[in-house]
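Got a few minutes to poke at a model? Here it comes, followed by some back and forth.

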Amino acid sequence: HCGLAGAGLSTAAGIGDYASRAAGSVAPHKKRMAGGSRLELKPTIAHHALAAMESRGLIGHWVQQNHDRLAQKAGFPQAKLNE
């Protein structure tokens with residue numbers, strides 16, 4: 001089994017996506033990123049859920065658009081992750 005995630009998975013952590021760059025966007029990350037570093041961001045519940053699924057043998061690989069290291073911070077093994 002394989003997990004597939006797009007850029008929207010990390011927007012709740014404060015990372016922008018292309019769709020929310022539009023003028024007038026009300027994306028939640030636009031309010032939170034002021035002054036902070038992307039390196040300080042924490043994985044979301046979704047990142048932790050996918051890592052827990054891997055640890056229970058429910059998914060064997062994760063393919064995602066993100067290059068934010070949040071999957072690894074959540075405990076998902078790098079060897080089973082394609083970014």
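Below are some questions and answers about this predicted model.

Q: What pattern does the chain follow when read along the sequence?
A: Let's start with the parts list: the secondary structure comes to 3 helices and 3 strands. Put in sequence order, they give β-α-α-β-α-β.

Q: Which residues of strand β1 sit on its covered face?
A: In a regular strand the side chains alternate between the two faces of the sheet. For β1, residues 2-5, the uncovered face has C2 and L4. That leaves the covered face to G3 and A5.

Q: Which residue in β2 does G3 stand opposite?
A: Strand β1 is joined to β2 (residues 61-64) by 4 bridges, and the two run parallel. Across from G3 in β2 you'll find W62.

Q: Is D68 buried or exposed, and what is its relative accessible area?
A: D68 has its place in the loop between β2 and α3. The cut-off for buried is under 20% relative accessible area. D68 falls under that cut-off, so it's buried, at 10%.

Q: With which side chain does the side chain of D68 make a polar contact?
A: Leaving aside neighbours within four places in sequence, D68 is in contact with S10, I15, R38 and E83. The side chain of D68 also reaches the backbone nitrogen of L70 at 3.0 Å. The side-chain partner, at 2.5 Å, is S10.

Q: What percentage of the accessible surface belongs to carbon and sulfur atoms?
A: Buried residues make up 36% of the 83 residues in the chain. The accessible surface comes to about 5200 Å². The share belonging to carbon and sulfur atoms is 59%.

Technical notes. Residues are numbered from 1 along each chain as its sequence is written. This is a predicted model: local features need pLDDT of at least 70, side-chain atom pairs count only at pLDDT 80 or more; totals for chains, interfaces and linings use all residues. Side-chain values use heavy atoms; hydrogens and water are left out. Buried means under 20% relative accessible area, exposed over 50%, partly exposed in between (1.4 Å probe, protein chains only). Two strands pair if DSSP finds at least two bridges between them. A polar contact is a pair of N or O atoms within 3.5 Å; within protein, one must be able to donate a hydrogen and the other to accept it, and residues adjacent in sequence count only if both atoms are side-chain atoms. Contact means heavy atoms within 4.5 Å. Accessible areas come from the Shrake-Rupley method with a 1.4 Å probe; for residues, only the protein chains shown count as cover.
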